[in-house]
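Please open the structure in your viewer and keep the selection panel at hand. The stops below say what to select next and what is to be found there.

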Amino acid sequence: MKNNEGASAAVDAQRTAREEEIRRMAEAILESNDMALSWMRRENIALGNAKPIELCDTDVGAAQVRRVLSAIEYGNSV
């Protein structure tokens with residue numbers, strides 16, 4: 001059991017780190033913590049109607065969110 005608890009804690013820590021990184025990136029681009037949190041919690045058409053915060057579960061999902069944020073920042077298409 002202890003190994004499963006440790007693995008679960010590690011996965012949770014990685015998810016939290018990805019979530020925090022994405023939140024900081026969104027805050028810098030959207031210029032407001034409230035706007036960033038709101039953006040992260042809303043479905044996004046560029047992400048297949050997924051909520052950005054939900055995609056932070058995996059590295060691949062977080063990379064998709066970063067791509068969309070970069071497109072917003074630089075005015076590129078997604």
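Begin by selecting Leu 47 and, leaving aside its neighbours within four places in sequence, display what is in contact with Leu 47, namely Pro 52, Leu 55, Gln 64, Val 65 and Val 68, where contact means heavy atoms within 4.5 Å. Before going further, note that this is a predicted model, in which local features need pLDDT of at least 70 and side-chain atom pairs count only at pLDDT 80 or more, while totals for chains, interfaces and linings use all residues. Residues are numbered from 1 along each chain as its sequence is written, and side-chain values use heavy atoms, with hydrogens and water left out.

Next, add Ile 22, Ala 26, Trp 39, Leu 55, Val 65 and Leu 69 to the selection, since together with Leu 47 they touch the most other members of the 14-residue largest nonpolar core. Such a core is a set of buried Ala, Val, Leu, Ile, Met, Phe, Trp, Tyr and Cys residues joined through side-chain atoms within 4.5 Å; buried means under 20% relative accessible area, exposed over 50%, and partly exposed in between, with a 1.4 Å probe and protein chains only. At least two residues of this core come from each of helix H1 (2-30), helix H2 (33-41) and helix H4 (59-74), and H4 gives the most, with 4 residues. Helices (H or I, at least four residues) and strands (E, at least two) are DSSP runs, numbered from the N terminus.

Now colour H2 by accessibility: its buried residues are Ala 36, Trp 39 and Met 40. Looking down the axis of H2, you will find these buried residues within an arc of 95°, so they line one face of the helix; the arc is that of the directions from the helix axis to the C-beta atoms. On the face turned away from the buried side of H2, select the exposed residues Asp 34 and Arg 41. At the N-terminal end of H2, Ser 32 acts as a cap, with a side-chain oxygen 3.2 Å from the backbone nitrogen of Asp 34.

Move on to Arg 18, which lies in helix H1. Is Arg 18 buried or exposed? Arg 18 counts as buried, because its relative accessibility is 9%. Not counting residues up to four places away in sequence, Arg 18 touches Cys 56, Asp 57, Thr 58, Asp 59 and Ala 62.

The last stops concern salt bridges, of which the structure holds 7, each being a side-chain nitrogen of Lys or Arg within 4 Å of a carboxyl oxygen of Asp or Glu. Select Glu 21 and Arg 66, whose closest N and O atoms are 3.0 Å apart in a salt bridge. Glu 21 lies in helix H1 and Arg 66 in helix H4, so this pair ties together parts that are 45 residues apart in sequence. Both partners are partly exposed, Glu 21 with a relative accessible area of 35% and Arg 66 at 24% relative accessibility.

Finally, select Glu 20, Arg 23, Arg 24 and Glu 27, which are linked in a network of salt bridges. Within this network, Arg 23 meets Glu 20 at 2.5 Å, N to O, and the closest N and O atoms of Glu 27 and Arg 23 are 2.5 Å apart. Arg 23 and Glu 20 are 3 residues apart in helix H1, while Glu 27 and Arg 23 are 4 residues apart in H1. An α-helix has 3.6 residues a turn, so residues three or four places apart point the same way. Arg 23 counts as buried at 17% relative accessibility, whereas Glu 20 at 30% counts as partly exposed, and Glu 27 at 29% also counts as partly exposed.

Conventions. A polar contact is a pair of N or O atoms within 3.5 Å; within protein, one must be able to donate a hydrogen and the other to accept it, and residues adjacent in sequence count only if both atoms are side-chain atoms.
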